[in-house]
Amino acid sequence: MPCEDLHATLADHAAHRAHPVPPPHPCACPVRVLADRPDGTVVRHGHLVVKAHAPDAGPALHARLTAAASPGLAGIVLRPLAGAPVEVSGRLLTCWPYGTPVDPAAPGAAPWEETATLLARLHQVPPSVLGRTPPPARGPEKAERALARLRNSPLRGAARNAVLAAGGAASVGPARTGPAVCHGDLHLGQLVRDPEPGRGWVLIDVDDMGLGDPVWDLARPAAWFACGLMAPEDWVRFLTAYREAGGRAAGPPGEEWRELDGPARALTAQIAAQALVKAEQAARPLDEDESAFVDACARMAPLPHGPALDAAT
């Protein structure tokens, strides 16, 4: 389906869900495209949003949606609006309440403690919330796919080689704490304020949620910190809040890099690979943050593994 047609379909579906009984006059609700990527397009209409999931979402999405609507994830993951997903041109459409996102223009106000607490709570949820056959958390898969896209792209040169080398050298051991319910794609864009009165921050985007090694949910903040994009005090706040909320994936204080080194390297390479492909497709240079991840790959590729990733980068 062409991009414009998909946007129109989502806008019509959102308007119908927002106004089951058509108003006598055109509504004044804000309508805008919030995200438009191959793995998900999101359109807002007033107090709700409609998402078109990736064409390959498959049956696993139903298990993830059921989990998101369950009492076990209340206050952790945003609850979808009632109603079964609608299929349009091979894409499943789901409806969600609109929540206020993290302000990207105010990095100093980023809710690091709240993010860490939500992750710790999520990692303690019984796996049965995902059903009898839990789908896997797709963090490792996303890292592999990003490297594959870079490998198969027309891009050539030292940056590409360094990112592929860093990704290929990232070694991730077995889960120390055993499998847990994981978000699978944590970043600050995955948090919104729950629109229900009295609620706080909640996680959104369950497309990659599943059973897996919870250390992967900590890997992206670890990569940000290691690349110099997360202040040391914010990193300490994040780890401290995670541990105080019962999270065990980081290990004891002072030993976090024994657990985080491999996944953080893999996430650094994933983000760098995505940046290179996107920049090549848009015929633009890398921005400052993207360059930080590519440069980190160039520095860490020839280095041995160990808890010195933060020093190496």
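Let us begin with strand 3, residues 48–53, and strand 5, residues 91–97, which pair in the antiparallel sense over five bridges. The model before you is a predicted one. One of the pairs along these strands can be named: L48 has P97 in strand 5 as its bridge partner. As a general point, strands of a sheet pair through backbone hydrogen bonds, and the pairing may be parallel or antiparallel.

Strands 3 and 5 belong to an open sheet of five strands, arranged in the order 1-2-3-5-4 with antiparallel pairing. Which strands form the edges of this sheet? They are strand 1, residues 31–37, and strand 4, residues 86–88, each of which pairs on one side only. On average, neighbouring strands here are turned by 25° against each other, with direction ignored.

Let us follow the order from its beginning. Strand 1 pairs with strand 2, residues 40–45, in the antiparallel sense, and six bridges join them. Within this pair, V33 has V43 of strand 2 as its bridge partner. How many residues lie between the two strands of this hairpin? Two residues lie between strand 1 and strand 2.

A helix accompanies this sheet. Helix 2, residues 60–68, lies across strand 3 and strand 5, and it runs at about 10° to strand 5.

I turn now to another sheet. Here three strands form an open sheet in the order 6-8-9, and the pairing is again antiparallel. Its edge strands are strand 6, residues 100–101, and strand 9, residues 201–203, each pairing on one side only. Strand 6 and strand 8, residues 191–193, run antiparallel and are joined by two bridges. In that pairing, P101 stands opposite V192 of strand 8.

Just before strand 8 in the numbering we find Q190, in the loop between strand 7, residues 180–182, and strand 8. Is Q190 buried or exposed? Its relative accessibility is 4%, and because buried means under 20%, Q190 counts as buried. Leaving out residues up to four places away in sequence, Q190 touches H183, D185, V202, L203, I204 and D205.

This sheet, too, has a helix across it. Helix 3 lies across strand 8 and strand 9, running at about 50° to strand 9.

Helix 3 also meets another helix. In general, two packed helices are described by the angle between their axes and the distance between the axes. The axes of helix 3, residues 112–123, and helix 7, residues 232–244, come within 8 Å and cross at roughly 30°. Angles under 35 degrees count as roughly parallel, and therefore helix 3 is roughly parallel to helix 7. The crossing of these two helices is right-handed. Which residues make the contact? Helix 3 contributes W112, E113, T115, A116, T117, L119, A120 and H123, while helix 7 contributes D234, R237, F238, A241 and Y242. By class, this contact comprises seven nonpolar, three polar and three charged residues.

Finally, consider a residue in another loop. L155 is located between helix 4, residues 139–151, and helix 5, residues 158–169. Apart from neighbours within four places in sequence, L155 is in contact with L150, R160, L276 and E280. How far apart in space are L155 and V49, C-alpha to C-alpha? The distance between L155 and V49 is 36 Å, and they are 106 residues apart in sequence.

Definitions and conventions
Residues are numbered from 1 along each chain as its sequence is written. This is a predicted model: local features need pLDDT of at least 70, side-chain atom pairs count only at pLDDT 80 or more; totals for chains, interfaces and linings use all residues. Side-chain values use heavy atoms; hydrogens and water are left out. Axes are lines fitted to C-alpha atoms, for helices over the stretch in contact, and angles run from 0 to 180 degrees between N-to-C directions. Helices (H or I, at least four residues) and strands (E, at least two) are DSSP runs, numbered from the N terminus. Angles under 35 degrees count as roughly parallel, over 145 as roughly antiparallel, 65 to 115 as roughly perpendicular and the rest as oblique. A crossing is left-handed if the near helix is turned anticlockwise from the far one by less than a right angle, and right-handed if clockwise. Contact means heavy atoms within 4.5 Å. Ala, Val, Leu, Ile, Met, Phe, Trp, Tyr, Cys and Pro count as nonpolar, Asp, Glu, Lys and Arg as charged, and the others, Gly among them, as polar. Two strands pair if DSSP finds at least two bridges between them. Buried means under 20% relative accessible area, exposed over 50%, partly exposed in between (1.4 Å probe, protein chains only).
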